[in-house]
Amino acid sequence: MIDFIKQVFASAIGFIMVFVLFFFFLFILFVATSSDPEPKVSPNTVLFMKASGAIPERMSSDPFEQLFFGGSPGDFSVRSFEQNLRKAAADDNIKGILLEVDFVTASWPTLQQLRRAMLNFREDSGKFIYATTNDLGLNEQGFYLASAADSIFAPPMSIMQFDGFVLEGMFLKSMLDEIGVKAEVIHQGAYKSAGDMFQRTNFSAADREQLTAIFSHITDELEQAVAERTGMSRAEVTAMMNQPPRLDVEYYAERGLIDAIVFPSELENRIKARLGLGESDDLNRIASRRYDRVSDRSAGLERAPREAVAVIYANGAIMPGTDDPFPFGGEQGINVDNFKRSLDRALSDNNVKAIVVRINSPGGSAATSDAIWQLIQEAREQKPVVASMGAVAASGGYYIAMAAETIVADRTTITGSIGVIGIRFDASRLLEDRIKLDFDELRFHENANWFSPTRPLTGAQRDAFSFFIDDAYDKFLARVSESRGMSVEEIHEVAQGRVWSGEDARNIGLIDAVGGLDLAVQFAADKAGLEAWSIREFPREQSFIETLASRAEVSVRSVFSRNIPMYEEMSFIRHMAETSARPHAWAILPWQLEVK
């Protein structure tokens, strides 16, 4: 017994020592990274940036994220990309930019925003942007971004995937039938197809119509970029993408999509020649993440004004009463409390003169969306508020946007989806017939069990659920009618759950202007009467101690979401099944749309 106690005690002491050493290491890491001096940029320097995978709107300053998932020093966020291009345009020591691009999975509105920044940089500064790829090669998104460069290079034997787009949907009806589960879906809107995955085995005609309309804009965006760069007609570009696929980059170089096939050393010599350097001279490079720490003043920009426009990032699904991440990715999600914290900070900051709400959300809870709508309405009484739509601001995401004075979306933003859905699962056949579970109850009121998965809805119960969904849809229409200055009948014609592109949404009156975050900020500044301004972002970044306190759980979720096949889809199904235990109206996008 004494030996056992000694072993337990020794194990406990060992664990404590490892724990202390681990946190001591993290503290040293934090001190080291936070105390790095501002880099000095040498003359004749090229700024190196790398576009790969998903490109976030903001780069995490979390030391844990940077240590374990930091990626390349050339990686950037949308925000840091724009800031670094603005500094590089004014910095006499930066002579040009080398952008390495491979398989990019960022949304099309994100790519459009980055591409605009590149074109503006070239026009304003007169400096060059060279784009290249690596042994991973290019896909369509990567080429679209690279097409804004002066020249595009690729090494021999690299890959270029340029075979067009496909949209796949996953349907669960056959699986549910097999296991004995029936999804009871009540929705308002002919196009509100969020429940189709549980009730169908393929896309409905209405779904095909709306998805085809949205992705025609994405196809048009890419084909137009190729035509402008190569001089091909649109018909020739379409024919090239429809012919039997080719992966060898040399094929695309022959057709003008790639300017030259060169090894990295040969590309470096080309850059040296452009800078007037000899082949034996050193080429100075500074990576994007290092250039992040160069101040505006050091780059030659004027000091940022005190007066500011606040940008509040509203990312993820809109969920009632929780700060837990939601399965549409690694975002924390949007709820009343976390949104109100950011909004209150922006309103209480006397230097903030206007607010932009940057929305990337497929929607979620109708009640939560309505509560956030009210918060934005109240904020407008104190300061101008503009909504900026990112990749997606649909359903509940559109609901909160329409509370702003002006709505801005990119051409390929996915928006609209004005409709409501309720889903309830009847698992009685699975529970009783398949796995032979017996249920009994003591029911004291007639409908107390109406959301139990052990039995189907009665006719009266289904009518009650339908009334709840219909009422939520009517309120949604009334909110849009009030916001857009259109009749309820006019809104119903373009609502019914239909998803629209940003360009089409402007044409039918659901948004005010087509453009990116920069245009929304300009609108907000104009409304506040600002001639010069800085940007303040919310929610604020966590301190090291706050990060330390919350990181473990988030890291585990991050590892799961990145490495387990179909983790997000299965988590979504689990979440919907859990919430079906209580009545809820969902204003949510029909699909998690991803172009492949």
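How much space lies in the largest cavity? We will come to that in a moment, after a word about what you are looking at. This is a predicted model, so please read it in that spirit.

Now for the answer: the largest cavity holds about 50 Å³ of space. The count comes to three cavities of 30 Å³ or more. Rolling a probe the size of a water molecule over the atoms shows where empty space is left. To find the largest cavity in the structure above, look for the residues that line it: F162, D163, M240, M241, Q243, P244, P245, R246, Y251 and Y252. Two helices, α9 (234-242) and α10 (249-254), each supply at least two residues of this lining. By character, the lining divides into seven nonpolar residues, one polar and two charged.

Let us turn to the strands. Six of them form an open sheet, and the pairing is parallel. If you walk across this sheet, you meet the strands in the order β6-β4-β3-β2-β1-β7. At the edges are β6 (260-261) and β7 (284-287), each of which pairs on one side only. Further in, strand β1 (residues 45-53) pairs with strand β2 (residues 94-104) in the parallel sense, over eight bridges. You can pick out one place where they meet: G53 has V104 of β2 as its bridge partner.

Next, see what lies against the sheet. Helix α4 (residues 108-125) lies across β2 and β3 (128-132), and runs at about 140° to β3. The helix α4 also has a helical neighbour, α3. The axes of α3 and α4 come within 10 Å and cross at roughly 0°, which makes α3 roughly parallel to α4. On the α3 side, the contact is made by V78, F81, E82, L85, A88 and A89. On the α4 side, the residues are T110, Q113, L114, A117, M118, F121 and S125. Together, the residues of this contact divide into nine nonpolar, three polar and one charged.

The helices α3 and α4 turn up again in an open space, the second largest pocket. About 980 Å³ of space lies in the second largest pocket. Which residues are the closest to its centre? Of the 29 residues that line this pocket, they are R79, E82, Q83, R86 and I535. The elements giving two or more residues to the lining are α3 (78-90), α4, β8 (308-315), α21 (517-527) and β17 (534-538). Here the lining divides into 14 nonpolar, five polar and 10 charged residues. Notice that E82 appears both in the contact of α3 with α4 and among the residues closest to the centre of this pocket.

A second pair of helices is worth a visit. Helix α14 (residues 336-348) and helix α15 (residues 366-380) pack at an angle of about 10°, with their axes 10 Å apart. That angle makes α14 roughly parallel to α15. The residues making the contact are V336, F339, K340, L343 and L347 of α14, together with T368, A371, I372, L375, I376 and A379 of α15. They divide into nine nonpolar, one polar and one charged.

Finally, here are two details of the backbone. A cis peptide bond joins F538 and P539, with omega at about 0°. P539 lies in the loop between β17 and α22 (544-563). The other detail is S395, which has a positive phi of about 55° although it is not a glycine. You will find S395 in the loop between β11 (385-394) and α16 (396-401).

Definitions and conventions. Residues numbered from 1 in each chain as written. Predicted model: local features only at pLDDT ≥ 70, side-chain atom pairs only at ≥ 80, totals over all residues. Heavy atoms only, no water. Pairing = 2+ DSSP bridges. Helix = DSSP H or I, 4+ residues; strand = E, 2+ residues; numbered from the N terminus. Contact = heavy atoms within 4.5 Å. Axes fitted to C-alpha atoms, helices over the stretch in contact; angles between N-to-C directions. 1 Å grid on protein atoms, 1.4 Å probe; cavity = no way out; pocket = protein on both sides within 12 Å on 5 of 7 lines; lining within 4 Å. Points joined across faces, edges and corners; volume = space filled by probe spheres on them. Nonpolar A, V, L, I, M, F, W, Y, C, P; charged D, E, K, R; others polar. Parallel < 35°, antiparallel > 145°, perpendicular 65-115°, else oblique.
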